[in-house]
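I sat down with this one to see what lines a pocket and how the sheets are put together. Here are my notes, in the order I looked things up.

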Amino acid sequence: MDGVEALLTELRAALGRDAVLTDADVTAAYRHDMMPLAPHGQPLAVVLPTSTGQVQAVVRACAAHRAPIVPRGAGSGLSGAANAVDGCVVLVTTRMNAIVEVDADNRLAVVEPGVVNLDLRAAVEKHGLFYPPDPSSYDWCTIGGNLATNAGGLCCVKYGVTTDSVLGLEVVLADGSLLRTGRRTVKGVAGYDLTKLFVGSEGTLGVITRATLALRPLPQAPATLVATFDSTVEAGAAVARVVREGVVPSLMEIMDRTSIEAVERYLRTDLDAGAALLICQSDSGGEAARRELAVVEQACADAGAGLTYVTEDLAEGRELLTARRSVLMALEVYGAWLTDDVCVPRTRIAELITACERIAAELGLRIAVVGHAGDGNMHPTIVYDPGSADELARARRAFEEILAVGLALGGTVTGEHGVGKVKQEWLATEIGPVGLRVHRGIKRALDPGNLFNPGSMFSC
């Protein structure tokens, strides 16, 4: 029996034959995530464990046979971080989908990595609680993937990204041992903060098999404000004024002219929004929400808003937010898309949007910019014809030029999607040689055989 067959035999013995997939037509669905620019290879097998013990068995078997492991959730990522490499075992955690515990008194939940984000939110809502991280794919992305990429979402401006809701983890390490990090208490500073080390590590240091998550009281139904502007400069100024006033809305999103026009066509509506649209929500409830949105409304008016409108009607607020949530679907009318992820200082949002307009004109592409204005995390989305090699090449160039602009404006090359297999060189540029050396040292200490997700984030 050769090494490959020996490994597959061990995996089948540990997980069962139905949990070890080797048919190339079947494993093809697990080769890559949603980022079209990221390279991907052909996995040796796809495994679907149902328990921590099975994950440990997979890791030990792969380590013994020197087969790389690529951890994967639902595949909703946008950086190639879950993409297969040739000869790897893709370890899919979607069958580990139990909400183990909801402790309402201590406001925490213990979950397995395959739990869908929206399912967790619905489960804890029954207890009057709220799990804040809400990536745009929250109706199908999993908590494990959110943890691996430190995912964000529309509510980050008030509630932070995934790591801000994580109290502790269970992680299978490269030798198959189980590490428990963090705690169930609100405070705790014993030792290094290993929990935050693994959150955002993109599966390069271990496989997360359980997480203890902090919950919040269920917020009030949000009140909503929408403001329109004749220029992106005015919209950017409004964001800066809101920040300066110290108001922290639960959501503050921006759309540029290109995204507005796409949504108008898709939804068959007239937003009458001019060059930019700002959508804000406050979930503080009652008079507190009214006060917050009054400050936001005044800031928008002072910045030159052509129109401002506030509603406390929940259905109307959802309808207004539909425009923001529909952008990617609206852009599909024009072709395939790939979305970038840069975060800039909030005072420089308008400069980024203007730069994207220039890049679009120079390269002859449609680029729509939407983003989380409250924290400066922008998502320029490039539309191209996937059947045209020339357009794909121009889309790649636009992607790279946008990253360069983001860094030049004092920002970062990823606010929430991660580095994955498309931004390794940009990570090296951003963190510098000393930062890269430290990253590699941590990787070698925890994964000396380069077992986990080789080639993601940086080369060893």
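**Entry 1: the pocket lining.** I started with the second largest pocket, keeping in mind that this is a predicted model. I found that α4, β7 (129-130) and α11 (314-325) each supply at least two residues of its lining. Which of the elements gives the most? That is α11, with 6 residues.

I then looked up the space in this second largest pocket, and the computed value is about 730 Å³. Its lining has 27 residues, and the closest to the pocket centre are Arg121, Phe130, Pro222, Gln281 and Arg318. By class, I noted 15 nonpolar, 6 polar and 6 charged residues in the lining.

**Entry 2: the annotated span.** Next I checked the record. An unreviewed UniProt entry carries the annotation "domain: FAD-binding PCMH-type" over residues 39-218. In the model, I see that this span is 22% helix and 24% strand, and that its end C-alpha atoms lie 41 Å apart.

**Entry 3: the five-stranded sheet.** I traced an open sheet of 5 strands, and its order reads β5-β6-β10-β8-β9, with antiparallel pairing. Why is one side of β5 (99-103) and of β9 (178-182) left without a neighbour in the sheet? Both stand at the edges and have a single partner strand each, so there is no neighbour on the other side. From one strand to the next, the twist averages 10°.

I zoomed in on the β5 edge. There β5 pairs with β6 (residues 108-111) in the antiparallel sense over 4 bridges, and I picked out Val102, whose bridge partner in β6 is Ala109.

Which helices pack on this sheet? I noted α3 (residues 52-65), which touches β8 (166-172), β9 and β10 (207-214), its direction making about 45° with that of β8. I also noted α4 (residues 117-125), which touches β5, β6 and β10 and makes about 35° with the direction of β5. A nice link back to my first entry: α4 also supplies at least two residues of the pocket lining.

**Entry 4: the four-stranded sheet.** My last stop was an open sheet of 4 strands in the order β1-β2-β4-β3, where the pairing is mixed. Its edge strands are β1 (20-21) and β3 (69-72), each pairing on one side only. I counted 2 bridges between β1 and β2 (residues 45-47), in the antiparallel sense, and Leu21 stands opposite Val46 of β2.

I met α3 again here: it packs on this sheet, touching β2, β3 and β4 (89-92). Its direction makes about 170° with that of β4.

Technical notes:
Residues numbered from 1 in each chain as written. Predicted model: local features only at pLDDT ≥ 70, side-chain atom pairs only at ≥ 80, totals over all residues. Heavy atoms only, no water. Pairing = 2+ DSSP bridges. Axes fitted to C-alpha atoms, helices over the stretch in contact; angles between N-to-C directions. Contact = heavy atoms within 4.5 Å. 1 Å grid on protein atoms, 1.4 Å probe; cavity = no way out; pocket = protein on both sides within 12 Å on 5 of 7 lines; lining within 4 Å. Points joined across faces, edges and corners; volume = space filled by probe spheres on them. Nonpolar A, V, L, I, M, F, W, Y, C, P; charged D, E, K, R; others polar. UniProt positions renumbered as here; feature names shortened; annotations may be inferred.
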